[in-house]
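Student: I would like to learn how to read a protein structure, one feature after another. Could we look at it together, with the general idea placed before each case?

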Amino acid sequence: GGQYGVLTLREREVLGLLSCVPQARPMNYERTQFEIMIPGRNTPLYVTLPRTFPSEPPQLMVGQALAHIWVEPSRRVVSDRLRRWGLAESTWSPLEVVVREVLDALALPTSH
């Protein structure tokens, strides 16, 4: 029950992302697209939630090509968690976990 009782799984995932990744900025009213600056880099990570999310994985893309094993030439980001995502709920990961892992992996250490 509680205040989250009426929320869909999708809405709970979005709230989790917004509370755990405070720099995530919704790009539309429906909150299906988010822009998140990658620490230490001058380019954002874009997160798109398909209409059927979380049955379908979130789509992650970087604003410009980055040299990283998870970033394809098309700028699509495919982490191990996203690769494992399937129809079975047991293969899903919380949205904020997926996004934070990718941000950590792509971040450049900032010089102090």
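Student: Which residues form one aromatic cluster?

Tutor: Please keep in mind that this is a predicted model. A pair of aromatic rings is described by the distance of the centres and the angle of the planes. Here the count comes to two aromatic pairs. One of them joins Trp85 and Trp92, whose ring centres lie 6.5 Å apart with 15 degrees between the planes, and this pair is stacked. Phe53, Trp85 and Trp92 together form one aromatic cluster.

Student: Is tryptophan 85 buried or exposed, and how should I read the value for tryptophan 92?

Tutor: The step we need is the cut-off, since buried means under 20% relative accessible area. Tryptophan 85 has 8% relative accessibility and therefore counts as buried. Tryptophan 92 has a relative accessible area of 19%, so this residue is buried too.

Student: Let us turn to the sheet. In what order do the strands stand?

Tutor: To read a sheet, follow the strands from one edge to the other and ask how each is paired. In this model an open sheet of five strands has the order E1-E2-E3-E4-E5, and the pairing is antiparallel. E1, residues 25-26, and E5 stand at the edges with a single partner strand each, so one side of each has no neighbour in the sheet.

Student: How many bridges join the strands further in, E2 to E3 and E3 to E4?

Tutor: E2 and E3 run antiparallel and are joined by five bridges, and one example is glutamine 33, whose bridge partner in E3 is threonine 48. E3, residues 44-48, pairs with E4 over four bridges, again in the antiparallel sense, and here tyrosine 46 stands opposite methionine 61 of E4. E4 is in turn joined to E5, residues 76-77, by two bridges, with arginine 76 of E5 as the bridge partner of methionine 61.

Student: Which side chains of E4 are buried?

Tutor: Look along the strand and note the face to which each side chain points. In E4, residues 59-62, the side chains alternate, with Leu60 and Val62 pointing to one face and buried, whereas Gln59 and Met61 point to the other face and are not buried.

Student: Which residues have the most contacts inside the largest nonpolar core?

Tutor: That core has 26 residues, and those with the most contacts inside it are Leu45, Val47, Leu60, Val62, Val77 and Val99. The elements that give two or more residues to the core are helix H1 (9-20), strand E2 (33-37), E3, E4 and helix H3 (95-106). H3 gives the most, with six residues. If we leave aside neighbours within four places in sequence, valine 99 is in contact with Leu17, Val21, Ile36, Leu45 and Val47.

Student: At what angle do H1 and H3 pack?

Tutor: For two helices, consider the angle and the separation of the axes together. H1 and H3 pack at about 40 degrees, and their axes are 8 Å apart. This makes H1 oblique to H3. The contact is made by Glu13, Gly16, Leu17 and Cys20 of H1 with Leu95, Glu96, Val99 and Arg100 of H3. H3 also lies across E2, E3, E4 and E5, and runs at about 160 degrees to E3.

Student: Finally, where is threonine 43 found?

Tutor: Threonine 43 is found in the loop between E2 and E3, and its 2% relative accessibility means that it counts as buried. Not counting residues up to four places away in sequence, threonine 43 touches Met37, Ile38, Gly63, Gln64 and Leu66.

Notes
Residues numbered from 1 in each chain as written. Predicted model: local features only at pLDDT ≥ 70, side-chain atom pairs only at ≥ 80, totals over all residues. Heavy atoms only, no water. Buried < 20%, exposed > 50% of the residue type's maximum accessible area, 1.4 Å probe, protein only. Pairing = 2+ DSSP bridges. Phe/Tyr/Trp six-rings, centres within 6.5 Å; stacked < 30°, edge-to-face > 60°. Core = buried A, V, L, I, M, F, W, Y, C linked by side-chain atoms within 4.5 Å. Contact = heavy atoms within 4.5 Å. Axes fitted to C-alpha atoms, helices over the stretch in contact; angles between N-to-C directions. Parallel < 35°, antiparallel > 145°, perpendicular 65-115°, else oblique.
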